Amino acid sequence: MCGSCLIMSFGRMSLISIVRSFPLRPAIYTAFAAIFSYSLYYDVKYQPRLGHTWYLYKAVMLTNANFILVTAYSILAAINSIISNKFLQSHLDRAFYLAVYPIGFCTVIIFWALYFFDPDFVMPEWIRNLIPEWLNQVTHTLPLIYGTVDAFLTRHKCPSWLTLFSVSVVMTFCYWGIVFSVRHIEGYWLYPIFDLLNLEWWAVVIFLVIFLYLFDISVAVFLNFVFWGKQDAGSAKKQKRR
């Protein structure tokens, strides 16, 4: 029985080592980068831009901001899976914890939670009809899958908890600034559900989003622990990359 367990354990470890090694690891990263890159190209080239001609204006939506972010990140991660540059990896590590995973997690979870409750809370039916189903899955499902696969393939060094908390607050209020600016300048809410909120609920939602952002970062830290073992926040400064 013990011999069988050792063989199975060795087999799992061997499989994990193979997946995390060249050439399979770069191939996985490159495949994700290709999917995101083509999808962004398709979105820029063929999808309508409501109200404005510049694609940049679509980035006010969290989905599109995350779409651009994860595409750029996936390209750099694919490049670094081949060249293994420590300087680039250190920036990818910070980006993973501070933006890529938490924003991707937020985008996917919030979108599908509201969508299943009432699709019109996130986008009216006439807008849903403009977006191909495959593109909807790339923008609203794949980022979370990619972030989880990335955590499995690469041991990301974690910034300090003070940095994580500070960035959570700053990022959250920056995006709320965008939301309220669009409301003031354009005269509409980016998300129809905001029409239902009074002042008290706005206060609850704003601080709830900060908590959710911190929770998302905590999930990223937990994934790192599951896939790579214990690592204290702040290890980006304390340890050298293995």
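User: Is Phe111 buried or exposed in this predicted model?

Analyst: A residue counts as buried when its relative accessible area is under 20%. Phe111 has a value of 6%, and therefore Phe111 is buried. Trp112 is likewise classed as buried, at 17% relative accessibility.

User: How should the pair formed by Phe111 and Trp112 be read?

Analyst: Two quantities describe a pair of aromatic rings: the distance of the centres and the angle of the planes. For Phe111 and Trp112, the centres are 5.0 Å apart and the planes make an angle of 90°, an edge-to-face arrangement. Trp189 and Phe194 also form an edge-to-face pair, with 5.8 Å between centres and 85° between planes. Trp189 is buried at 14% relative accessibility, and Phe194 is buried at 10%.

User: Which residues do ring pairs link into a cluster with Trp189?

Analyst: The cluster joins Trp189 to Trp176, Phe180, Tyr191, Phe194 and Trp202. Across the whole structure, the search finds 30 aromatic pairs.

User: Which residues touch the most other members of the largest nonpolar core?

Analyst: This core has 44 residues, and those touching the most other members are Phe36, Phe67, Tyr73, Phe96, Tyr97, Tyr101 and Tyr146. Helix α4 (86-117) is one of the elements that supply at least two residues, and α4 gives the most, with 13. A second, separate core has 11 residues, including Trp189 and Val205.

User: Over which rings does the charged end of Arg20 lie?

Analyst: Arg20 lies over the face of Phe152, 4.5 Å from the ring centre. The charged end of Arg20 also sits over the ring of Trp228, at 3.7 Å from its centre.

Note on methods: Residues numbered from 1 in each chain as written. Predicted model: local features only at pLDDT ≥ 70, side-chain atom pairs only at ≥ 80, totals over all residues. Heavy atoms only, no water. Core = buried A, V, L, I, M, F, W, Y, C linked by side-chain atoms within 4.5 Å. Buried < 20%, exposed > 50% of the residue type's maximum accessible area, 1.4 Å probe, protein only. Helix = DSSP H or I, 4+ residues; strand = E, 2+ residues; numbered from the N terminus. Phe/Tyr/Trp six-rings, centres within 6.5 Å; stacked < 30°, edge-to-face > 60°. Lys NZ or Arg CZ within 6 Å of the ring centre and 35° of its normal.
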